[in-house]
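Student: I would like to go through this model feature by feature, with the general idea before each case.
Tutor: Then let us begin with the model itself.

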Amino acid sequence: MSLLVVKAAFIGCCRQSVRTIHFNKPRLDRYSRETFRNRLHRQELKDAKKPPSSHQDATILADSVPVRPVSDLLKALGFTVGVGAVSFSIAYLSDWERSKTLLKKHFHQHAADFFKPLVLIYSPPPTDPQYRELTHGEKCAAFLIVSNTLVFLLWRAKGLQPMMWRYFSNSYASKSLLSPMILSAFSHSSFIHLGLNMYVLWTFAQVTVDKFLGPDQFFAFYLTAAAVSSWTSLAHKAAVRSPIRALGASGAILALLAYTCCKIPDARLKIVFLPFFDFSAQSAVIGMVIFDLAGLLFRFKLFDHAAHLGGALFGISVVECVCLLGRAILVGMRKETRSEEGPELRVRRRVR
């Protein structure tokens, strides 16, 4: 009797499993290759009919083009050379006019002091010494900080996203190639990005303007450094065929940092987050160049190492070119003085 019960139970389980398998067999069709293909096709059609989910995606789709041919780098290089030539020409003309105005002012002031009687004039000290006029370096740095902040606020406006992505981001796969090489140097992706760059700019711009370049040549140097760093970034993207967009003032700021450190290589620098650790300015330049070279070789994607390296090398090359030009001028002046002295003076000096 028990065997019959066990046999009946076993036959019932088998029939139930057969029914279950027979019932679930049509459901296996949903996992076939054809079913997956049809479902993906329907999803693509739905996505094509839907509007883009964000302004950024819409901008990239409307603005993007296939990665440009390498020959377009010549166009970008010509634009870079043009920016440097025009900006430095305007800077030299402005310096010349300013020097003429200062000479006239000093001449009239000394002439008036010569003809008027000597009178002792007591000038009391300033009432509030805390307030003072900003130096030229502080004014230049403040102007750039305000400009970068305004552009950062424009990025927050959703209606301006198509324009910002097209003209304020540097890419080798965009419809606009030349103007973003300059405008992207005033754009920043986040508040931390903006704050760090502006802190370094405020620190080094004052020294560079007040001690070495002056306001006009500083702006010419900054714009040219922005164009050079953007061009090196485009050259790297053209080599690796990358459509990635880049933005930020890091390339121009690193050119400024490298220039200042090469002018005063023995200065001691510190990192904000590591105030107990200091190093020389020359070591800072060498470390930056090695880090960016390593980033290019190992393809780090956190920073635009090509733009950083281009800006740093531009700052170093400006210092070296100025030094070579100064030496050439000194050698030429010495040759002219020797030729004007004549052979008799040379013989006398040798006899002495």
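Student: How many salt bridges does a search of the whole structure find?
Tutor: Side chains of opposite charge can pair when their charged atoms come close. The criterion here is a side-chain nitrogen of Lys or Arg within 4 Å of a carboxyl oxygen of Asp or Glu. By that criterion the search of the whole structure finds three salt bridges. This is a predicted model, in which local features need pLDDT of at least 70 and side-chain atom pairs count only at pLDDT 80 or more, while totals for chains, interfaces and linings use all residues. Residues are numbered from 1 along each chain as its sequence is written, and side-chain values use heavy atoms, with hydrogens and water left out.

Student: Before the pairs, what does the secondary structure of the protein come to?
Tutor: Helices (H or I, at least four residues) and strands (E, at least two) are DSSP runs, numbered from the N terminus. The protein has twelve helices and two strands. Along the sequence the pattern reads α-α-α-α-α-α-α-α-α-α-β-β-α-α.

Student: Which salt bridge links Asp304 to another part of the chain, and where are the two residues?
Tutor: Asp304 pairs with Lys237, at 3.7 Å from N to O. The two residues are 67 apart along the chain, with Asp304 in the loop between H11 and H12 and Lys237 in helix H9. For accessibility, buried means under 20% relative accessible area, exposed over 50%, and partly exposed in between (1.4 Å probe, protein chains only). Lys237 is buried, at 5%, whereas Asp304 is partly exposed, at 22%.

Student: What are the closest N and O atoms doing in the pair of Arg268 and Asp278?
Tutor: They are 3.7 Å apart, and the two residues form a salt bridge. This pair joins strand S1 (residues 268-271), which holds Arg268, to strand S2, which holds Asp278, ten residues away. Arg268 counts as exposed because its relative accessible area is 52%. Asp278, at 34%, is partly exposed.

Student: Are Asp72 and Arg68 buried or exposed?
Tutor: Asp72 is buried, with 14% relative accessibility, and Arg68 is buried too, with a relative accessible area of 14%. Their side chains meet in a salt bridge of 3.2 Å, N to O.

Student: What share of the residues in the protein is buried?
Tutor: Buried residues make up 32% of the 352 residues. One buried residue is Phe204, with a relative accessible area of 13%. Phe204 lies in helix H8. Its C-alpha atom is 7.1 Å from that of Thr260, although the two residues are 56 apart along the chain.

Student: How should I read a pocket, and what volume does the second largest pocket have?
Tutor: On a 1 Å grid over the protein atoms alone, a cavity is a set of points where a 1.4 Å probe fits but cannot get out, whereas a pocket is an open set with protein on both sides within 12 Å along at least five of seven lines; lining residues have an atom within 4 Å of a point. Grid points are joined across faces, edges and corners, and a volume is the space filled by probe spheres set on the points. The second largest pocket has a volume of about 290 Å³.

Student: Which element gives the most to the lining of the second largest pocket?
Tutor: H12 does, with four residues. Helices H4 (72-115), H8 (191-213), H9 (215-240), H10 (250-263) and H12 (305-351) each supply at least two residues of this lining. Among the lining residues are Phe88, Tyr92, Gln217, Lys263 and Cys321.

Student: Where is Arg241, and what is its phi?
Tutor: Arg241 sits in the loop between H9 and H10. Its phi is positive, about 55 degrees, although Arg241 is not a glycine. Arg241 is partly exposed, at 40%.

Student: Which residue in the loop between H11 and H12 has a phi near 60 degrees?
Tutor: Arg299 has that positive value, in a residue other than glycine. Arg299 is found in the loop between helix H11 (281-298) and H12. Arg299 counts as exposed because its relative accessible area is 65%.
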